[in-house]
Amino acid sequence: MGICYSCFGDSAAGTNDEVPSAEMRAKQLAAAEKRAQENASRGIGNQAKVQQWQKHQEDLEKREKALANTGNNDDNPLRWQVN
């Protein structure tokens, strides 16, 4: 029994298998970013085309909002026309 305790005591005291916390955080952050990138492109054949389409849709929405805001400046949208 004494031999086992001396072996475990010497090996545990002589090595430090712990990774510094800053390095561990950096590895975890890199892994999380990689997972997020993989999930974003899951099931999509052409990622660039999808991003281009999304940007196009956002531009169309912005244009529609701008047209809606400039078209009705009055509180009352009904107007009388006299000929």
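Colleague: What is the average pLDDT of the protein, and what makes that a statement of confidence?

Modeller: The protein averages a pLDDT of 79, and 71% of the residues score at least 70. pLDDT is the predictor's confidence in each residue, from 0 to 100, so these values express confidence. The model is predicted: local features need pLDDT of at least 70, side-chain atom pairs count only at pLDDT 80 or more, and totals for chains, interfaces and linings use all residues. Residues are numbered from 1 along each chain as its sequence is written, and side-chain values use heavy atoms, with hydrogens and water left out.

Colleague: Which elements have the lowest and the highest mean pLDDT?

Modeller: Helix H1 (residues 2-14) has the lowest mean, 55, and H2 has the highest, 92. The protein has 3 helices and 0 strands, in the pattern α-α-α along the sequence. Helices (H or I, at least four residues) and strands (E, at least two) are DSSP runs, numbered from the N terminus.

Colleague: Why is the contact of lysine 27 and glutamate 23 called a salt bridge?

Modeller: Their side chains meet at 3.7 Å, N to O. The term requires a side-chain nitrogen of Lys or Arg within 4 Å of a carboxyl oxygen of Asp or Glu, so the pair qualifies. The structure holds 1 salt bridge. The two residues are 4 residues apart in helix H2 (residues 21-40), which means a separation of about one helical turn.

Colleague: How do you know whether lysine 27 and glutamate 23 are buried or exposed?

Modeller: Lysine 27 has 49% relative accessibility and glutamate 23 has 39%. Buried means under 20% relative accessible area, exposed over 50%, and partly exposed in between (1.4 Å probe, protein chains only). Therefore lysine 27 is partly exposed, and glutamate 23 is therefore partly exposed as well.

Colleague: What makes glutamate 64 count as exposed?

Modeller: Glutamate 64 lies in helix H3 (residues 47-71). Its relative accessible area is 56%, so glutamate 64 is exposed. Of the 83 residues of the protein, 0% count as buried.

Colleague: How much accessible surface does the protein have?

Modeller: The total is about 8,400 Å², of which 53% belongs to carbon and sulfur atoms. Such areas come from the Shrake-Rupley method with a 1.4 Å probe; for residues, only the protein chains shown count as cover.
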